[in-house]
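Dear colleague,

I am handing over the structure we spoke about, and below it I have set down what was found. Please read the notes with the coordinates open beside you.

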Amino acid sequence: MRQGALAMVFFAATAGVAYAQPYELSQHDVMDAASFTSREISLFGVTLGDPETTASDRLVHEQIPGVKAEQEAMFILLLDQRKPVGPMAGVRLTNGKVDLIFINSRFAARTRGLFRRVLTSESPDDVRKILGKEEVGDENVMGAVLNYEKQGVLVNYLGKDVNVEFSHSP
């Protein structure tokens, strides 16, 4: 009886993890800001916590159409091959693992759903209409930093440049 109860608890605890599908930034329409956390976000198959070898294999060694990948120090940067003026997305590697995924305005054409709307926002208030009120924020004449700590999302709004960072949520 006890083993059966333990098996039920184990199944219940792992069922959510086993069936949770990451939101691939370039494929899925994330439409509800409250329905995801940074742990469910992936960039071309790379998620937070992946080992450096996985990130390197998927972002650098696999050919992503229209994307040029470069590894610089602790970052793997993705550039648009048509206009390689700066990275449009990438990951940061710390202690051999992915600890940060980022996208910016240059990635807007490749993403879908609410993140496309965030990356093309006209003001910090537009970002708040899409993602809701931030838990922590700072706004000044230069721009705004909107921190959605519970979801592990940070939005840096700098006029026409919008950056979204996904890191481990608490």
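Gly 96 sits in the loop that connects β6 (87-94) with β7, in what is a predicted model, and with a relative accessibility of 33% this glycine counts as partly exposed. Leaving aside neighbours within four places in sequence, Gly 96 is in contact with Asp 50, Pro 51 and Glu 52, and the C-alpha atoms of Gly 96 and Pro 51, although 45 residues apart along the chain, are separated by 5.8 Å. Asn 95 is found in the loop between β6 and β7 as well; this residue has a positive phi of about 55 degrees although it is not a glycine, and Asn 95 is exposed, its relative accessible area being 79%.

On the other side of that contact, Asp 50 belongs to the loop between β3 and α2 (52-61). With a relative accessible area of 14%, Asp 50 falls under the 20% limit and is therefore buried. Its side chain reaches the backbone nitrogen of Thr 47 at 2.9 Å, and, if residues up to four places away in sequence are not counted, Asp 50 touches Gly 45, Arg 58, Gly 96, Lys 97 and Val 98.

Turning to the strands, there is an open sheet of three, in the order β1-β2-β3 and with mixed pairing, in which β1 (23-24) and β3 (46-47) are the edge strands, each pairing on one side only. Strand β2 (residues 41-43) runs parallel to β1 and is joined to it by two bridges, and Glu 24 stands opposite Ser 42 of β2.

A second arrangement of strands is formed by β4 (residues 67-72) and β5 (residues 75-80), which run antiparallel and are joined by six bridges; within this pairing, Leu 79 in β5 is the bridge partner of Lys 68. The two strands make a hairpin with two residues between them. One residue to look at here is Ala 73, which is placed in the loop between β4 and β5 and has a positive phi of about 50 degrees although it is not a glycine. With a relative accessible area of 78%, Ala 73 is exposed.

As for the interior, the largest nonpolar core has 40 residues, and those with the most contacts inside it are Leu 43, Val 91, Ile 103, Val 155 and Phe 166. Val 91 may serve as an example: not counting residues up to four places away in sequence, Val 91 touches a list of residues that includes Leu 43, Val 46, Ala 55, Leu 59, Met 74, Phe 75 and Ile 76, and the same list also includes Val 98, Leu 100, Ile 101 and Phe 102.

The structure holds two aromatic pairs. Phe 44 and Phe 107 form one that is edge-to-face, with 6.2 Å from centre to centre and 90 degrees between the planes; this pair links distant parts of the chain, since Phe 44 lies in the loop between β2 and β3 and Phe 107 in the loop between β7 (97-104) and α3, 63 residues apart. Phe 44 is buried, and so is Phe 107. In the pair of Phe 115 and Phe 166, the ring centres are 5.2 Å apart and the planes stand at 85 degrees, so this pair is edge-to-face. Phe 115 lies in helix α3 and Phe 166 in strand β11 (residues 161-167), so the pair ties together parts that are 51 residues apart in sequence. Phe 115 and Phe 166 are both buried.

Finally, which residues of helix α4 (residues 124-131) are buried? They are Pro 124, Val 127, Arg 128, Ile 130 and Leu 131. Viewed down the axis of α4, these buried residues fall within an arc of 165 degrees, so they line one face of the helix. What covers the buried residues of α4 includes α3 (114-119), β8 (136-140), β9 (143-148) and β10 (153-158). Just after α4, Gly 132 takes a positive phi of about 95 degrees.

With best regards

How values were computed. Residues numbered from 1 in each chain as written. Predicted model: local features only at pLDDT ≥ 70, side-chain atom pairs only at ≥ 80, totals over all residues. Heavy atoms only, no water. Pairing = 2+ DSSP bridges. Helix = DSSP H or I, 4+ residues; strand = E, 2+ residues; numbered from the N terminus. Buried < 20%, exposed > 50% of the residue type's maximum accessible area, 1.4 Å probe, protein only. Polar contact = N/O pair within 3.5 Å; in protein donor to acceptor, adjacent residues only side chain to side chain. Contact = heavy atoms within 4.5 Å. Arc of directions from axis to C-beta. Core = buried A, V, L, I, M, F, W, Y, C linked by side-chain atoms within 4.5 Å. Phe/Tyr/Trp six-rings, centres within 6.5 Å; stacked < 30°, edge-to-face > 60°.
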